[in-house]
Amino acid sequence: MKPRITLITLGVDDLERSLRFYRDGLGLKTEGIVGKQFEHGAVAFFDLQAGLKLALWPRKSLAHDTGLPAGSPSATELSIGHNVASKAEVYAVMEQARKGGAVIVKPAHDTFWGGYSGYFQDPDQHLWEVAWNPNWPSPD
């Protein structure tokens with residue numbers, strides 16, 4: 001397998017609410033919800049960096065498509081890392097997420113590995129880490 005991740009799909013309970021959080025709260029670009037004309041087809045896509053998209057899809061649609069039963073969500077199954085260029089940017093992104101409706105589960109802080117990071121949860125309890133790592137090149 002070649003390392004080509006092109007889409008990260010998050011199962012959500014309320015597609016409209018999640019769309020507002022990611023579009024209005026975090027400022028991610030989207031065309032809105034598409035595929036409403038298909039049963040289990042409504043989805044929202046967001047462009048991330050080149051070649052990578054984020055999709056929001058109702059949990060029941062994801063369960064239907066995979067044939068797996070819908071289970072209880074767990075915030076600690078996965079975290080999405082958003083690396084930034086400075087401590088100040090960590091704080092700014094965390095504040096933007098909070099104002100957009102995120103729950104701050106661990107405020108930004110100095111880390112044991114020499115960086116600075118914090119965690120927030122989106123409206124469906126998906127966990128995001130916002131981090132600055134002085135040992136990694138700036139993402140910009």
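Select Arg23 to start: this residue is partly exposed, with a relative accessible area of 32%, where buried means under 20%, exposed means over 50% and partly exposed lies in between, for a 1.4 Å probe and protein chains only. Arg23 forms a salt bridge with Asp24, their closest N and O atoms being 2.7 Å apart; the term stands for a side-chain nitrogen of Lys or Arg within 4 Å of a carboxyl oxygen of Asp or Glu. Asp24 is also partly exposed, at 49% relative accessibility.

Before going on, note that this is a predicted model, in which local features need pLDDT of at least 70 and side-chain atom pairs count only at pLDDT 80 or more, while totals for chains, interfaces and linings use all residues. Residues are numbered from 1 along each chain as its sequence is written, and side-chain values use heavy atoms, with hydrogens and water left out.

**The sheet with E1 to E4**

Next, colour the strands of the open sheet whose order is E1-E4-E3-E2, with mixed pairing; helices (H or I, at least four residues) and strands (E, at least two) are DSSP runs, numbered from the N terminus, and two strands pair if DSSP finds at least two bridges between them. E1 and strand E2 (30-34) stand at the edges with a single partner strand each, so one side of each has no neighbour in the sheet. From one strand to the next, the twist averages 20°. Strand E3 (residues 43-47) and E4 run antiparallel and are joined by four bridges, and if you select Phe45 you will find it opposite Ala55 in E4.

Now show helix H1 (residues 15-25), which lies across E1, E2, E3 and E4 and runs at about 155° to E4; axes are lines fitted to C-alpha atoms, for helices over the stretch in contact, and angles run from 0 to 180 degrees between N-to-C directions.

**Leu56 and its surroundings**

Select Leu56, which lies in strand E4 and counts as buried at 0% relative accessibility. Leaving aside residues up to four places away in sequence, Leu56 touches several residues, among them Leu10, Leu15, Tyr22 and Phe46, contact meaning heavy atoms within 4.5 Å. Leu56 and Leu19 are 37 residues apart along the chain, yet their C-alpha atoms are separated by 7.6 Å.

**Helix H2 and Asp13**

Move to helix H2 (residues 59-66), where Arg59, Ser61 and Ala63 are buried. The buried residues of H2 pack against strand E1 (7-12) and strand E4 (53-58), and the helix runs at about 90° to E4. Which residue forms a salt bridge with Arg59? The partner is Asp13, with the closest N and O atoms 2.9 Å apart. The pair links distant parts of the chain, since Asp13 sits in the loop between E1 and H1 and Arg59 in helix H2, 46 residues apart. Asp13 is exposed, with a relative accessible area of 56%, whereas Arg59 counts as buried at 19%.

**The other sheet and H3**

Finally, select the open sheet of four strands in the order E5-E8-E7-E6, again with mixed pairing. Its edge strands are strand E5 (79-83) and strand E6 (103-110), each of which pairs on one side only, and the twist averages 15° from one strand to the next. Helix H3 (residues 87-100) packs on this sheet, touching E5, E6, E7 and strand E8 (127-132). Within H3, Glu95 and Arg98 are three residues apart and therefore separated by about one helical turn; they form a salt bridge whose closest N and O atoms are 2.3 Å apart.
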